[in-house]
Amino acid sequence: MKFKFNVNITQEDYIELNRIVMTETPAGKKSSKISNLIFISVCAILVLFTLITSKFSGEGFIATGVLIIAFLLVHLTLNKTINNLAVKATVKSLTKIKGKLPYSENSVLEFYDDVFVEITDENKTESKYSAIENIIVNENLVVLFINSMQAYIVPTRSFESIEQKNSLVEVVNGKNKK
């Protein structure tokens, strides 16, 4: 066995995972692009409406410029806040619907030469390193994505040191070369 971690996932870790999914994965980036296109389309319609109702007058162009700047400022300042609120709302609704969030709060992750194993109270899951589609590391988490719906989270607090965290990432990256 190369590594063994006792992992305790909190709601904040799960929210952080969902923020990562929204901002750093291909599916999240695609969703963000679609959201931006919808926002731009709505702005374009409002700009056109403003220009048409002002009969393309000088005041209409000034009003349109002010409108565009206002929309841009709102979008730039509120986009991250809106995403954070959306994640928190999703987590809250999942808790309401199912009574608990879709993760095991406590688990043991063991990393061997050819596989890694997650052991929870409910089950034991063994995966090959080649099953990992993506690895994302930030200051709070190491996330091993198996697919767009399944990921293993290792909070930074589970590591004895930053060196151990970096070593795990290096081992997983080395084993994951396809």
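These are my notebook entries from a look through this structure, which is a predicted model.

**Entry 1: the four-stranded sheet**

I began with the strands. Four of them make an open sheet, ordered E1-E2-E3-E4, and the pairing is antiparallel. I checked which strands sit at the edges: E1 and E4 (124–128) do, each with a single partner strand, so each has one side without a neighbour in the sheet. From one strand to the next the twist averages 15 degrees.

Next I went into the E1/E2 pairing. It is antiparallel and runs over six bridges. For one register point I noted Lys4, which stands opposite Glu110 in E2. Helix H4 (residues 162–175) packs on this sheet and touches E1 and E2, with its direction at about 115 degrees to that of E1.

**Entry 2: the three-stranded sheet**

There is also an open sheet of three strands, with the order E5-E6-E7 and antiparallel pairing. Here E5 (134–137) and E7 (150–155) are the edge strands; each has a single partner strand, so one side of each lacks a neighbour in the sheet. Ignoring direction, neighbouring strands are turned by 15 degrees against each other on average.

E5 and E6 (residues 141–147) pair in the antiparallel sense over four bridges. I picked out Ile135, whose bridge partner in E6 is Leu144. H1 packs on this sheet, touching E5, E6 and E7, and its direction makes about 60 degrees with that of E6. H4 turns up here too: it lies across E5 and E6 and runs at about 165 degrees to E5.

**Entry 3: Asp13**

An acidic residue I wanted to place was Asp13, which lies in helix H1 (residues 11–24). Is Asp13 buried or exposed? Its relative accessibility is 6%, and the cut-off for buried is under 20%, so Asp13 counts as buried. Leaving out residues up to four places away in sequence, I listed what Asp13 touches: Asn8, Leu141, Pro155 and Arg157.

**Entry 4: aromatic pairs**

I then counted ring pairs and got nine aromatic pairs. One of them is Phe3 with Phe111, edge-to-face at 6.5 Å centre to centre and with 85 degrees between the planes. That pair links distant parts of the chain: Phe3 is in strand E1 (residues 3–8), Phe111 is in strand E2 (residues 106–111), and they are 108 residues apart. Both Phe3 and Phe111 are buried.

I also looked at Phe39 and Phe71. Their ring centres are 6.2 Å apart and their planes stand at 90 degrees, so I logged the pair as edge-to-face. Phe39 belongs to helix H2 (residues 26–53) and Phe71 to helix H3 (residues 58–98), so this pair ties together parts 32 residues apart in sequence. Phe39 is partly exposed, at 23% relative accessible area.

Which residues make up the aromatic cluster with Phe3 and Phe111? I found Phe5, Phe116, Tyr129, Tyr152 and Phe159 in that one cluster along with them.

**Entry 5: helix H2**

Last, I checked the span of H2. It has 28 residues and reaches 40 Å from its first C-alpha to its last, close to the 40 Å expected at 1.5 Å a residue. Its buried residues are Gly28, Cys43, Val47, Thr50 and Leu51. A general reminder to myself: an α-helix has 3.6 residues a turn, so residues three or four places apart point the same way. Just after H2 I noted Lys55, which takes a positive phi of about 55 degrees.

Methods
Residues are numbered from 1 along each chain as its sequence is written. This is a predicted model: local features need pLDDT of at least 70, side-chain atom pairs count only at pLDDT 80 or more; totals for chains, interfaces and linings use all residues. Side-chain values use heavy atoms; hydrogens and water are left out. Helices (H or I, at least four residues) and strands (E, at least two) are DSSP runs, numbered from the N terminus. Buried means under 20% relative accessible area, exposed over 50%, partly exposed in between (1.4 Å probe, protein chains only). Contact means heavy atoms within 4.5 Å. Rings of Phe, Tyr and Trp (its six-membered ring) pair if their centres lie within 6.5 Å; planes under 30 degrees apart count as stacked, over 60 as edge-to-face and the rest as tilted. The expected span of a helix is 1.5 Å times one less than its number of residues. Two strands pair if DSSP finds at least two bridges between them. Axes are lines fitted to C-alpha atoms, for helices over the stretch in contact, and angles run from 0 to 180 degrees between N-to-C directions.
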